[in-house]
Amino acid sequence: MPLVTTKEMFEKSMKEKFAIGAFNVNNMEIIQGIVDAAAEEKSPVILQASHGAIKYARIPYLRKMIEAALEENDIPIALHLDHGPDFETCKMCIDNGFTSVMIDGSKYDFEENVALTKKVVDYAHSKGVVVEAELGKLAGIEDDVNVSEEDAMYTDPEQAKEFVERTGCDSLAIAIGTSHGAYKFKGEARLRFDILTKIKELIPNTPIVLHGASTVIPELVATCNKYGGDIPGAKGVPDEMLHEASISGVSKINVDTDLRLAMTSEIRKVFAEEPKVFDPRKYLTPARESIKNTVKHKIKDVFGSSNKI
């Protein structure tokens, strides 16, 4: 099966009320863990590469590894650019076989965001590629994205409607309280489902995306810390809230931090328990399995996308 766009995935998700996991990829083991999980659960999946991941792994390697995943598995897979910082990066990915790109103009004022997004949409649509845009600012740090709590802001539903109408974007990432990184909340987790409801009322046919939506799984954090890590007070979005989002109109939920924790916790454990190990296969194999288990949990228990291909 060739790479697909997210268009049909999202139509099905909106109709049947489930979310599709968009998992950040950086190397072979991460790709294998994600795709193995999705294949076992018979779930569509979005593999997304950030600007930082592209600099690290390089597009030809990412593309060929994902082509290998397509050879092994008969499930819908989309290749998506996460947080494209400018038109040039989006164009580069479109020209290199990505089926979906995100242009993140949320750091600009409304009119600049509209103009930049429209430029990307026009080019992408001419090549059969779909576009995700963002309105509102999420706090936190992830690769090249760094927004302070003071600068974060919720998405305005009326603006969201105008933005989609003027840009023609295919999906919209909104800010309702999630944030990037491992430290999403200082107090109790809280998402503005009232904003989500209003946005879905105004743009019912536009797929909605949640960024910064890792759970920051406590068991993985504990394992990291037990074996020499220093991640105190990390807190993410509880599974229950993400599940509610998935049945309340969110079509795509991004996961990055949980994958990093899944991989790092197992590598730290091997290094601590078996200090003589220096064969990368000895620590990357359990790391890959941990990613697979984490993704299966998300697909099956949180997003509800099992058996949705």
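In this predicted model, the buried residues of helix H1 are covered by elements that include strand S1 (20–24), strand S2 (45–50), strand S3 (77–84), strand S8 (171–174) and strand S10 (250–255). Helix H1 spans residues 7–16, and its buried residues are Met9, Phe10 and Ser13. These residues lie on the same side of H1, because they cover an arc of only 90° around the axis. An α-helix has 3.6 residues a turn, so residues three or four places apart point the same way. The face of H1 turned away from the buried side carries the exposed residues Glu8 and Lys15. After H1 comes Lys17, whose phi is positive, near 60°.

The nonpolar cores are considered next. The largest nonpolar core has 88 residues, and Ile34, Leu47, Phe98, Val101 and Leu172 have the most contacts inside it. Helix H12 (residues 280–303) gives the most to this core, with eight residues. A second, separate core of seven residues includes Met9, Phe10, Ala22 and Ile46. Leu47, for its part, touches residues including Phe23, Ile34, Ile66, Leu79 and His80. In soluble globular proteins, nonpolar side chains tend to be buried together.

A polar residue, Thr155, is located in the loop between strand S7 (145–147) and helix H7 (157–167). Thr155 counts as buried because its relative accessible area is 3%, under the 20% cut-off. Its side chain reaches two backbone atoms, as tabulated here.

| Backbone atom reached by the Thr155 side chain | Distance |
|---|---|
| oxygen of Leu135 | 2.4 Å |
| nitrogen of Ala175 | 2.7 Å |

Among the residues that Thr155 touches are Gly136, Ala160, Ile174, Ile195 and Ile199.

Terms used. Residues are numbered from 1 along each chain as its sequence is written. This is a predicted model: local features need pLDDT of at least 70, side-chain atom pairs count only at pLDDT 80 or more; totals for chains, interfaces and linings use all residues. Side-chain values use heavy atoms; hydrogens and water are left out. A nonpolar core is a set of buried Ala, Val, Leu, Ile, Met, Phe, Trp, Tyr and Cys residues joined through side-chain atoms within 4.5 Å. Buried means under 20% relative accessible area, exposed over 50%, partly exposed in between (1.4 Å probe, protein chains only). Helices (H or I, at least four residues) and strands (E, at least two) are DSSP runs, numbered from the N terminus. Contact means heavy atoms within 4.5 Å. A polar contact is a pair of N or O atoms within 3.5 Å; within protein, one must be able to donate a hydrogen and the other to accept it, and residues adjacent in sequence count only if both atoms are side-chain atoms. The arc is that of the directions from the helix axis to the C-beta atoms.
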